Amino acid sequence: MNTRGGGAAEKSSRGEVTTDVVNSGVVRRVDSLGRVAPPKELRQRLGLLPGVKVEFFVDMERGTIVLRKYEPGCIFCGAVANQHYRGKRVCPECVREIAAGR
Ligand SMILES: [Zn+2]
């Protein structure tokens with residue numbers, strides 16, 4: 001298996017830290033409708049069952065797209081959040097900051 005990159009962490013558009021991408025070694029052809037299916041083994045390992053939402057992260061300089069299982073995040077910081085306030089997802093840390101008036 002091929003690997004690429006120097007191990008440096010990067011900030012994504014949502015402010016989350018992402019680590020380097022590893023080459024899966026799989027090559028697929030884009031079909032006439034622009035679709036590409038991730039390999040079955042990766043879909044199974046990442047829980048990408050039919051109907052699950054995914055989100056795309058793009059690095060235009062490197063020509064790279066990273067696909068990730070979509071987990072709705074805090075409306076303020078993007079962190080994974082299970083709490084709701086008035087119908088919006090908010091993480092515990094932001095709830096504490098709001099409560100403290102910061
Ligand atoms: Zn937050």
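Asn82 lies in the loop that links S4 to S5. In this predicted model, Asn82 has 11 C-beta neighbours inside 10 Å, so it counts as exposed. The cut-off for exposed is 12 or fewer. Asn82 also has a partner to look at: Glu71, 11 residues away along the chain. Their C-alpha atoms are separated by 9.8 Å.

Glu71 comes up again with Lys53. Those two residues are 18 apart along the chain, and 8.2 Å separates their C-alpha atoms. Lys53 sits in the loop between helix H1 (40-46) and strand S3 (54-59). Is Lys53 buried or exposed? Lys53 counts as exposed because it has 9 C-beta neighbours inside 10 Å.

**The chain as a whole**

The protein chain holds 2 helices and 6 strands. Read from the N terminus, the order is β-β-α-β-β-β-β-α. Burial is scarce: of the 102 residues, 3% count as buried. Take the contacts between residues at least 6 apart in sequence: 13% of them join residues at least 24 apart.

**The hairpin of S3 and S4**

How do S3 and S4 pair, parallel or antiparallel? S3 and strand S4 (residues 64-69) pair in the antiparallel sense, over 6 bridges. Phe56 has Leu67, in S4, as its bridge partner. Asp59 stands opposite Thr64 in S4. Between the two strands of the hairpin are 4 residues. Gly63 in this hairpin takes a positive phi near 65 degrees.

How much of the hairpin is covered? None of the 6 residues of S3 is buried, so S3 lies largely in the open. S4 gives a like count: of its 6 residues, the number buried is 0, so S4 also lies largely in the open. To count as buried, a residue needs 20 or more other C-beta atoms within 10 Å of its own.

**Helices**

Leu42 has its place in helix H1. Leu42 is partly exposed, because 13 other C-beta atoms lie within 10 Å. Ser24 is 18 residues from Leu42 in sequence, and the C-alpha to C-alpha distance is 8.9 Å.

Helix H2 (residues 92-99) is hardly covered. Of its 8 residues, the count of buried ones is 0. Just after H2 comes Gly101, with a positive phi of about 75 degrees.

**A positive phi outside glycine**

Which residue other than glycine has a positive phi near 50 degrees? That residue is Arg86. Most residues other than glycine have a negative phi. Arg86 is found in the loop between strand S5 (83-85) and strand S6 (88-90). It is exposed, because the count of C-beta neighbours inside 10 Å is 5.

**Spatial pairs in brief**

The three C-alpha pairs described above are set out here.

| Pair | Apart in sequence | C-alpha separation |
|---|---|---|
| Lys53 and Glu71 | 18 residues | 8.2 Å |
| Leu42 and Ser24 | 18 residues | 8.9 Å |
| Asn82 and Glu71 | 11 residues | 9.8 Å |

**Confidence**

The protein chain averages a pLDDT of 81. A score of at least 70 is reached by 81% of the residues. Where is confidence lowest, and where highest? The lowest mean is 44, in strand S1 (residues 10-11), and the highest is 93, in H1. Over residues 1-13 the pLDDT is below 50. Beyond near neighbours in sequence, that stretch has 17 contacts in the model.

Methods. Residues numbered from 1 in each chain as written. Predicted model: local features only at pLDDT ≥ 70, side-chain atom pairs only at ≥ 80, totals over all residues. Contact = placed C-beta atoms within 7 Å. pLDDT = per-residue confidence, 0-100. Pairing = 2+ DSSP bridges.
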